[in-house]
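User: Hey, can you walk me through this one? I'd like to start with how the helices pack.

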Amino acid sequence: MATNPMHQFEVYRIGPEIKLGNIDISFTNASLFMVVSVIGILIIFNLGTKKNSLIPDKMQLLAELSYTFVSKMISDTAGSKAKPYFSFIFSLFMFVLFCNMFGMIPYTFTVTSHIIVTFVLAAFIFIGVTIIGFAKHGIGYLKLFVPSGVPIVLLPLIVVIEVISYLSRPVSLSVRLFANMMAGHTMMKVFGGFVISLGIVGGWLPLSFSVALTGLEILVAFLQAYVFAILTCIYLNDALNLHH
Amino acid sequence: MKKVFVNLIIPSLFFTSVNAAESGGMPQLNPEFWLSQIFWLTITFGILYIVLAKLILPKISGNLEMRKAQILDNIETAEKQREESEGKIKEYEKLIIECKNEAKALISETREKVNKDIAEKNDQIEKEIKEEIKKAELEINNLMKNAPEKINKIAIDTSNELIKGLVGAEVNQSSLSAIVEDLSSKNKGNYYGN
């Protein structure tokens, strides 16, 4: 079992089976790492905001830099109108980032390597952005599907393409994160398995690959959290500032 | 490489995995714990969002705003102080220029005064000198006036003595004086002068 690269993604129950009506909501290893990530974020940011001195210490600097990083990301992509959604995007970015990063520790579980988790997040964003769009622009939000400056002949085709691209947003958003995390972790596991199977003689090459991949995966973990957050900002921008 | 992996493996697994989850397929597609994951995701993310939005982020933004305000305040104060110091420097320069002018005025005034004083004293001294000269001239004149008489008298006395010694006879005083008078009046211009 240990050599199966997909084994690491298996979800299993921790503790007793919990049922809410007919639904199984047992605490699993996935739930555990969601809780761990949230606690990790809250501990770091609690430490970072404890003193709130004029000249920040390391933790405070970390908290403030993350704040300004996300704040700048939002204002650059979605403008000043996106200010009310700052807390949500900040939480989203931090949650995805910490889930990704905790997944990089050996023997942990990567929450974001499960399509259901990323899909729920993406679907929530999609529905939320659509509601915001209709609330801000009413039925005029449908103009999003009609780009300006397109010849009238091509318009039916373009509208169909635009609608499909809009509807595929949650899928692309969720699959991108999930696939990146799953592929990376699988690859690391595969190379790790090579190290064991090739032994002391031939194991060094896959080991060095594994080391390099670890660095790459840490980068990917950050990058995917960033991409997830920035795409959310871009979708939000479409809903807030209708350009088409 | 990743892309190839995703493109090839995911679709192939997608259709077989529901049955194959236990036998090495993708555990992600086993729906057994989907609802549990959704449930816990909602709970954990909800808690994270609420705590961040209500407690932590306002603190950070408040602190950042405070720092910004303080920095702006400090910059303003610095600007004000700079302006103040510039004003002071201008004042100081003005003061120095004023002082220089005053000193110049004082110097010229003093010089004038001293010059006037010197001129006055010169005048006075000149006047005194003139007076002295006048007095001396008067005295000289007096002396000049009296000198011939005295000379005549000496001449008369001397000639009287001489005659007495040579001849041994008294000569009439008046006739002698007449001769001397006559001679002296003839040579009057020769007494003084070269």
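Analyst: Sure. In chain A, helix α2(A) passes α3(A) in a right-handed crossing. Keep in mind that this is a predicted model.

User: At what angle do the axes of α2 and α3 of chain A cross?

Analyst: Roughly 120°, with the axes of α2 (residues 58-78) and α3 (residues 86-103) of chain A coming within 10 Å. That makes α2(A) oblique to α3(A), because angles from 65 to 115 degrees would be needed for roughly perpendicular and over 145 for roughly antiparallel.

User: Which residues meet there?

Analyst: From α2(A) you have V70(A), S71(A) and I74(A), and they meet F86(A), I89(A), F90(A) and F93(A) of α3(A). By type, that contact of α2(A) with α3(A) has six nonpolar residues, one polar and no charged.

User: Switching to the chain contact: how many residues does each chain put in?

Analyst: Chain A gives 39 residues and chain B gives 34 residues. On the side of chain A that touches chain B, α1(A) gives the most, with nine residues. That side divides into 25 nonpolar, 11 polar and three charged residues.

User: And α4(A), what does its buried part pack against?

Analyst: The buried residues of α4(A) pack against α6 and α7 (204-240) of chain A, together with α2 (34-166) of chain B. Among those buried residues are F119(A), L121(A), I125(A) and F126(A).

User: How far does α4(A) reach?

Analyst: α4(A) has 23 residues and reaches 32 Å from first C-alpha to last, close to the 33 Å expected. After α4(A) comes G138(A), with a positive phi near 65°.

Technical notes:
Residues numbered from 1 in each chain as written. Chains lettered and ligands numbered in written order. Predicted model: local features only at pLDDT ≥ 70, side-chain atom pairs only at ≥ 80, totals over all residues. Axes fitted to C-alpha atoms, helices over the stretch in contact; angles between N-to-C directions. Helix = DSSP H or I, 4+ residues; strand = E, 2+ residues; numbered from the N terminus. Parallel < 35°, antiparallel > 145°, perpendicular 65-115°, else oblique. Left-handed = near helix turned anticlockwise from the far one by under 90°. Contact = placed C-beta atoms within 7 Å. Nonpolar A, V, L, I, M, F, W, Y, C, P; charged D, E, K, R; others polar. Expected span 1.5 Å × (residues − 1). Buried ≥ 20, exposed ≤ 12 C-beta atoms within 10 Å, placed from the backbone.
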